[in-house]
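Please open the model in your viewer and keep the selection tool at hand. This tour moves from one selection to the next and says what is found at each stop.

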Amino acid sequence: MRLLVCGGAGFIGSHFVRVRVCEHGDAVTVLDKLTYAGREENLAEFAEDPGFRFVRGAIEDPRAVAEALAPSDAGAAAEAIVNFAAETHVDRSIAEPDAFVRTHALGTHVLLEAARERELRYVQVSTDEVYGSIDVGTFTETSPLAPSSPYSATKAGADLLVQSYHHTYGLPASICRGSNNYGSHQYPEKLIPLMILNALHGDALPVYGDGRQVRNWIHASDFARAIGCVLERGAPGEVYNAGGPDELANMDVVRRVIALTGAEESLIEHVRDRPGHDRRYSLSSERVRALGWEPQVRFAEGLEQTVAWYRENAWWWEPIRSGAYRTYYEQQYGRALN
Ligand code: NAD
Ligand code: DAU
């Protein structure tokens, strides 16, 4: 296929590009604004690929979107848009929600208009957080939307806009909602890479509240393949949930990171809880399984590989950990990193 992948320089977007180029031979154009979370080096391995093209620009900018959708030296115009572009950190959405509204509401609208004008297939990448928190049981695609944070509320808004474009204009759009992703190339503001890098540096391991909140972990390569299934075989107008095979409380994740890094248990520090913190997420994935998808990576194996990747790829995280991330960390956690 010929794809426009928006937000492809980020964590999951770059896993998706790897899967599509290496396993399917797709021609891919990436449109990415390169925010603090976007990194062109995540795509360095495709620089020489004749079907690959990188365009720096924002999804809320119609000119950038038109440029990315135009035919180029890399080949004919895209036949589908897959949208990963987003502000993705809940804590940042609580501190400063503006960019979340701009990217999720305006950006998604610009992409939908571009898809409508050109009659393109469209897949919106979304999150289990749009359903809110669930104490027991598991969310299905028909569960009501009940987002808790500015992040999840603006993602839910974008999902509703996507569904309206299918309903009103017949746009062949589908939505794929994932549970908590982990793996290589994840920005260290998120729980798992934060704990791995802090453990490797002897920094405190900040656990919000009692640490008994539960997340449903999916390896980014598994989520990427689920999105590919939805792109190829998903029905227009449908939502597909892709949940990982393992649910764990945050404290259990932190203890596993400690075991894999050899850090001291005394580094664990319970800190002030996140305002409006969702207690538990859980997703049932029957609908995407019916398309032929199965998660391949269990958490124990995936976490071990992820810790090894961060150990072996200091070139990737050193510029982050020595740059603006330090200032963010001090503001968020009230202490400096080692
Ligand atoms: P990320 O923060 O690592 O990457 C986001 C990418 O989007 C970055 O490359 C960034 O530069 C780019 N971007 C941000 N705003 C943009 C804009 N206005 N225009 C163009 N590019 C822009 O995020 P991620 O964790 O890879 O998440 C990707 C998608 O998957 C998001 O839509 C997110 O909501 C969804 N998702 C994430 C998870 C998770 O656990 N990380 C789980 C389920 C769904
Ligand atoms: O569920 C999917 C979502 O998962 C995605 O849509 C989001 O983009 C992604 O950021 C993630 O959201 P969470 O809020 O669940 O992920 P985060 O890594 O921020 O936190 C995971 C859990 O760990 C959560 O209960 C908060 C807790 N936590 C997090 C951090 C950063 C801590 O206890 N300490 C921390 O320092």
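A polar contact is a pair of N or O atoms within 3.5 Å; within protein, one must be able to donate a hydrogen and the other to accept it, and residues adjacent in sequence count only if both atoms are side-chain atoms. This is a predicted model, in which local features need pLDDT of at least 70 and side-chain atom pairs count only at pLDDT 80 or more, while totals for chains, interfaces and linings use all residues. Residues are numbered from 1 along each chain as its sequence is written, chains are lettered from A and ligands numbered from 1 in the order in which they are written, and side-chain values use heavy atoms, with hydrogens and water left out.

Select ligand 2 together with L191, where a polar backbone atom of L191 is 2.8 Å from an oxygen atom of the ligand. Add R274, which places a polar side-chain atom 2.6 Å from an oxygen atom of ligand 2, and then E129, whose polar side-chain atom lies 2.7 Å from an oxygen atom of ligand 2. The protein buries 95% of the 690 Å² that ligand 2 exposes when taken alone (areas by the Shrake-Rupley method with a 1.4 Å probe).

Next, select helix α5, residues 150–169 (helices are DSSP runs of H or I with at least four residues, strands runs of E with at least two, numbered from the N terminus). Which residues of α5 are buried? Among them are Y151, A158 and V162, where buried means under 20% relative accessible area with a 1.4 Å probe, protein chains only. Finally, select G170, just after α5, which takes a positive phi of about 75 degrees.

Terms used: The expected span of a helix is 1.5 Å times one less than its number of residues. Buried means under 20% relative accessible area, exposed over 50%, partly exposed in between (1.4 Å probe, protein chains only).
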